[in-house]
Amino acid sequence: MQRKKISPISPFILSILKQYSAIPISLPSLFPHNSTSLLLCHLLFHLNTHLPPLPFPPHFHLSISFFLQIPNSLPQHPSPSLSLEMGKYGLFDLESQYAFHGAYHSNQVNTWIHMLFIWPIFFTFLVMYYFTPPLFDCPFQSCLGLVPNFGLLFTMTYVVYYVCLDMKAGSLAAFLCLFCWVSASLLAKHLGFSLAWKVVLGVQLFCWTTQLIGHVFFEKRSPPLVENFAQALLMVPYFVLLEALQSFFGYEPYPGFNASVKARKDAEIQNLKDDKEKKIS
């Protein structure tokens, strides 16, 4: 496959890379936020596909995992597979993410607290998002009270991600997200902003307080908000649903999932214990 004609920006990029080829460069160190590093990785990758091969020095590290998936009979370039990062695990690495979550939620009481109070937090967020301005005009807005605003965008992010993560339980979680958006919108319309924010504040304070109690007094381990905030924001609603399905119906996304997660969870708990002992010593 022939490369496209070199663009005017190519000599400029080449000169920069040659100028700093002797300096160790690491995107995650320059840009500590994973989303920033990932965006730059995508940019550099696509630039390199449209330009002649760029002289990346060996120590120029990108947040990209390269998997050589081309058989030996097919020469030339490897097929790069971008690994979207979330904390220290892949964005769609369900086993590792769920094991990480389980290591911080191994106490039964704390697990039940999260099952009961995670979805009310999600629901009340959507109540407040109802009062954000609409993104576009909708013919159903006047008769149903469903406003295509940030709340819908927020909900659809969860819907698409959960379905991609797990077709079965993820589809159920996606349906619950949509149901929460519809019911939260109707409730917010009925209450009005002057009353809705007070209800949301009370529910949020109560739910977050119960979760802190679960971690401090039962789990005896701090919540993983600092280590993996993106997981706490995006994955926990699905995870508590998955825990309920496992507890009551023995569900697993695919055969062998529960056994693999248990092994990873035990290893993660042991790593946490080792880190705690190192800090004490």
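This note comments on a pocket, a helix and a single residue in a predicted model.

1. The second largest pocket has a volume of about 420 Å³. Its lining comprises 21 residues. Ile 118, Trp 208, Leu 225, Ala 232 and Leu 233 lie nearest the centre of this pocket.

2. Several helices build the wall of the second largest pocket. The elements that each supply two or more lining residues are helix H5 (108-129), H7, helix H9 (193-219), helix H10 (229-234) and helix H11 (236-249). Among these, H5 gives the most, with six residues.

3. The chemical character of the lining should also be noted. By class, the second largest pocket is lined by 17 nonpolar and four polar residues, and no charged residue takes part.

4. Helix H4, which spans residues 94-103, is mostly covered, with 10 of its 10 residues buried. The buried residues of H4 include Glu 95, Ser 96, Gln 97 and His 101, and also Leu 94, Tyr 98, Ala 99, Phe 100, Gly 102 and Ala 103.

5. Phe 150 belongs to helix H7, residues 150-165. Because its relative accessibility is 37%, Phe 150 counts as partly exposed, given that buried means under 20% and exposed over 50%.

6. The contacts of Phe 150 merit a separate remark. Leaving aside residues up to four places away in sequence, Phe 150 touches Tyr 129, Thr 132, Pro 133 and Leu 135. Tyr 129 and Phe 150 are 21 residues apart along the chain, and their C-alpha atoms are separated by 6.2 Å.

Note on methods
Residues are numbered from 1 along each chain as its sequence is written. This is a predicted model: local features need pLDDT of at least 70, side-chain atom pairs count only at pLDDT 80 or more; totals for chains, interfaces and linings use all residues. Side-chain values use heavy atoms; hydrogens and water are left out. Helices (H or I, at least four residues) and strands (E, at least two) are DSSP runs, numbered from the N terminus. Buried means under 20% relative accessible area, exposed over 50%, partly exposed in between (1.4 Å probe, protein chains only). Contact means heavy atoms within 4.5 Å. On a 1 Å grid over the protein atoms alone, a cavity is a set of points where a 1.4 Å probe fits but cannot get out, and a pocket is an open set with protein on both sides within 12 Å along at least five of seven lines; lining residues have an atom within 4 Å of a point. Grid points are joined across faces, edges and corners, and a volume is the space filled by probe spheres set on the points. Ala, Val, Leu, Ile, Met, Phe, Trp, Tyr, Cys and Pro count as nonpolar, Asp, Glu, Lys and Arg as charged, and the others, Gly among them, as polar.
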